[in-house]
Amino acid sequence: MMKKFLMNKMPQTLLVFVNILSMFLLYFYKERFDKSILISVILLVATIYISNYILLKISSGDHYLFLVVSMLSSIGIIMIYRLNPVYGFRQIIWFGVGIVFYFIFYFCVKRIKGWKKWLNGYFIISMILFVVTQVLGTKIKGATNWIRIGGIGIQPSEIIKIIFVFYLASYYTNYTKKANEKYKFLGVVYSYIAFLFIQRDLGTAMIFCFVFFIILYIYEEDRKLIYYQIIGGLIIGIVSSFLIHHVQVRFIAWFNPWEYIEKEGYQITQSLFAIGAGGFFGTGIGLGHPEFIPEVHTDFIFSAICEEMGIFGGIAVIMLFLILVYRGFKIALNQYDKFFKIVAIGITTTLGFQAFIIVGGVIKMIPLTGVTLPFVSYGGSSLVASFAALGILQVASEEIQMEQEEGDGYNS
Amino acid sequence: MDTTAKRIVKVLILFCILLGSLVLYLSYFEIFVVAKIQDNPYNKRQWMREEYVLRGSILDRNEKVLASSIKQDKQQIRNYPFKNLYSHVIGYSFKEYGKTAIEKNYNNQLLGIGNSPLTKVKDKIMGSDNMGNNVVLTIDHTLQKNADELLRGKKGSIVLMNPKTGEIYAMVSKPDFDPNTMRDDWQDIIENKESPLINRATTGLYTPGSVFKMITATSVMENNSNQNYFCEGKTNIGGYVLKDYHSIAHGNVDLEKALIYSCNVAFSQMGIELGEEKLKSTAQKYMFDKQIPFDIMSKKSIFSEEVKMTKTELGVSAIGQGKVLVTPLNMAMVASTIANDGNMMKPFLVKEIINSKNRIIKMQPPKILSHVTNKENANKLRDIMIQVVEVGTGKKAKIKNVRVAGKTGTAENGSDKEHAWFIGFAPANDPKVAIAVVLENEGKTGGTSAAPIAREILKNALNRVQ
């Protein structure tokens, strides 16, 4: 029995091992008996194992996506647990909630037909969400992108990200080459980005821009329009870096954090110290001091991983994202349904680019914008929304049954 | 593949580049950047370790404690019992002002960081005693104190070393400061125009004057260049009139006589006859223009910059004037080279590192740094240096019953007061100690001011060093 279990090459078994081992490490280094660690491990392992099992049974699509994401989340949970067991436990709960949402989205998106038709619906819902955030939102870290409902903070922009992708997909699926249609489309896209700017959520604004450019690049027939958009985007970026104080600060902290180490550069330099302290193999879980970085459990989780699991640990995380991106685009390539093809591209781009800008930010390769590292960072909204997006991607990885009145997917 | 598919693949490639660049940047950062930023005072990690590891002591060669730490209410206090005496050798270690000298370069050893992986595993299992390692210096406390007293009230530096091994016995730089009271004195120290924070022994760049003639003489012997000249008391090199001390004409001089009486006219002509290439090559064998590997920060002595020298520049360089600049450490090494049959030893300050249980973890063995000249030439130079002390400019360095070899220097510099130099070693037939003394802007000749100081130290050193 045991031998069979050990010989089993199913990846989720390996995942289970990784989790048990790392939790054992945590227990060993923390040197105190903590029942909650035990409960956490059992909970986490069971969740991963069972959901992978269910997925194998019900989905005919890609089975690697969920494994990759389980690994990423495991690394995140281990790190968060080590930083703060209370947060760690909460993250495990959120992980469970995320998986529930994953299945909910998977079933809903699969069963409900007609997603491609609701172009205006997506726009109206997003704008309502934006306005609600603007009115009810609280300011955290200079960005107004949180609303509180019954003690739980929600970040509507995480949900809008998915809706935005649906909007883009819906537009290009129903595109009819009418001139004013295009202007309306551009107007809508820029109103999204403008709202994010107003709420000072620069990171998300960058992600929206990037996703927009990518889908424009792949589907827009008017090629000149793409260049105009990219040039326009760059000009806005450069101008805002001179005019808007909030953006300026980011650039200063990126260009020479050492000169402003007491204030603007504090966080990023602490992050660099952490990464440096880890070396290639890391200090070992529980042996470093990632807690010196402010906000380490959310935006700077990657630095903590680098300190205690080493640069190689960090590279592993990047590689997991690369696999995720690869599978995502593979799904897009194999999907005949145009709407879901675009959705797959949009979601993959969102997740991949978000990972790129936050990792690039904390290692000071690019200016820092405060976004979470998908699936890894602490935070319910981010985790649940990412899992929801993954559920949709799972749908896109399957063969979509054509709706009778529209069979254009095969013919185009 | 249709266009859409092609474009999707291109986007995938873009992602590979983006994520790949993260990996490359991380590796680059780890390999090239980390070492530069880790010591930043804002990196709290280094101080974290200092909270629970008792910083090791620093001892002299006879295990006298020169710096130690004690725990007081969870805080550590670093104590320097000899105050100013080791401000430049040992340096200081403060959160606010950082670290210098041995405290800086041996920080990891003092904190027990980087002990072998095996020790780490052992510590983990057995429980570490949280004691750092102790650093044992080559310094002899008595000689250091002696050198310090002789330099009191003056500006300058003394370096005393073992010519055969490279061990530094004493290294004094004046003015200095008291690391114990640095927190209170910091403003005064940094505003002081005499720059007490600078370790003149290793980073002070002085015009060497006539002590440089040892290098020119070595080059003449090495290259079998002409050794006979006629001195009229002054000479005209390319329009520049170079005079001897009091314009004394030495008449017909050979290399020996030129050195004994420190004849500028003869030496400048020797330099010109040698040419820049040969003189430079000898100077570089003496580690000019090169970084001397040392246990604390040191600067390069400068013979020439990249530009070609004019005849005048070459003439004045050959007598140690012009743009030539040296550190006292380097000049002590020049004396040591002649004492050690033409082989220059790598200088060192740290003899060994011992752990809290007195086990030696690491020793520093003597190493040859540079083969400068052969034994024959070295012995000839030594014989001339004996004559310098017996009958020449260095008479005040004479010690009863011991033969001293030496060379004096009086270096003109930007100010109207010359630097006084003496380099030498004793006993001449079997050298035990070598020395360099420089008195900054002393305004007297090396023979009258630096030689007597060197004499006192050499005498005491010979009594202590076997």
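## Helix packing, chain contact and sheets in a predicted two-chain model

The crossing of α5(A) and α15(A) is right-handed. In this predicted model, the axes of helix α5 (residues 85–111) of chain A and helix α15 (residues 380–396) of chain A come within 7 Å and cross at roughly 35°. On the α5(A) side, the contacting residues include A:Trp94, A:Phe95, A:Phe101, A:Tyr102, A:Phe103, A:Phe105 and A:Tyr106. On the α15(A) side, they include A:Leu383, A:Val384, A:Phe387, A:Leu390 and A:Ile392. Glycines also take part, among them A:Gly98 of α5(A) and A:Gly380 and A:Gly391 of α15(A). By class, this helix contact has 17 nonpolar, four polar and one charged residues. A:Lys110 of α5(A) is one of the residues in contact.

The two chains may be set out by their overall composition.

| Property | Chain A | Chain B |
|---|---|---|
| Secondary structure | 16 helices, three strands | 16 helices, 19 strands |
| Buried residues | 49% of 412 residues | 48% of 466 residues |
| Contacts joining residues at least 24 apart, among those at least 6 apart in sequence | 69% | 67% |

### Confidence

The model scores ipTM 0.91 and pTM 0.65. For chain B, the mean pLDDT is 90, and 96% of the residues reach 70 or more. Among the elements of chain B, helix α14 (residues 328–339) has the highest mean pLDDT, 97, and helix α5 (residues 117–126) the lowest, 60. Where pLDDT is low, the predicted coordinates should not be read in detail.

### Contact between the chains

Chain A contributes 32 residues to the contact, and chain B contributes 25 residues. On the side of chain A that touches chain B, four helices each supply at least two residues: α9 (202–219), α12 (266–278), α13 (301–334) and α14 (338–362) of chain A. The largest share of this side, 11 residues, comes from α13(A). By class, the side of chain A that touches chain B has 25 nonpolar and seven polar residues, with no charged residues.

### Sheets of chain B

An open sheet of six strands in chain B follows the order β3-β2-β1-β6-β14-β15, with mixed pairing. The edges are held by β3 (75–79) and β15 (360–363) of chain B; each has a single partner strand, so one side of each is left without a neighbour in the sheet. Within this sheet, strand β1 (residues 58–59) and strand β2 (residues 65–72) of chain B run antiparallel and are joined by two bridges. B:Ile58 has B:Ala67 of β2(B) as its bridge partner.

Another open sheet of chain B has five strands in the order β8-β7-β19-β18-β17, and its pairing is antiparallel. Its edge strands, β8 (168–174) and β17 (405–411) of chain B, each pair on one side only. The twist from one strand to the next averages 5°. Strand β7 (residues 156–161) of chain B pairs with β8(B) in the antiparallel sense over six bridges, and B:Gly156 has B:Lys174 of β8(B) as its bridge partner.

A helix also lies across part of this five-stranded sheet. Helix α15 (residues 375–390) of chain B lies across β17 and β18 (419–426) of chain B, and runs at about 70° to β17(B).

Definitions and conventions: Residues are numbered from 1 along each chain as its sequence is written. Chains are lettered from A and ligands numbered from 1 in the order in which they are written. This is a predicted model: local features need pLDDT of at least 70, side-chain atom pairs count only at pLDDT 80 or more; totals for chains, interfaces and linings use all residues. pLDDT is the predictor's confidence in each residue, from 0 to 100. A residue is buried if 20 or more other C-beta atoms lie within 10 Å of its own, exposed if 12 or fewer, and partly exposed in between; C-beta atoms are placed from the backbone. Two residues are in contact if their C-beta atoms, placed from the backbone, lie within 7 Å. Ala, Val, Leu, Ile, Met, Phe, Trp, Tyr, Cys and Pro count as nonpolar, Asp, Glu, Lys and Arg as charged, and the others, Gly among them, as polar. Axes are lines fitted to C-alpha atoms, for helices over the stretch in contact, and angles run from 0 to 180 degrees between N-to-C directions. A crossing is left-handed if the near helix is turned anticlockwise from the far one by less than a right angle, and right-handed if clockwise. Two strands pair if DSSP finds at least two bridges between them.
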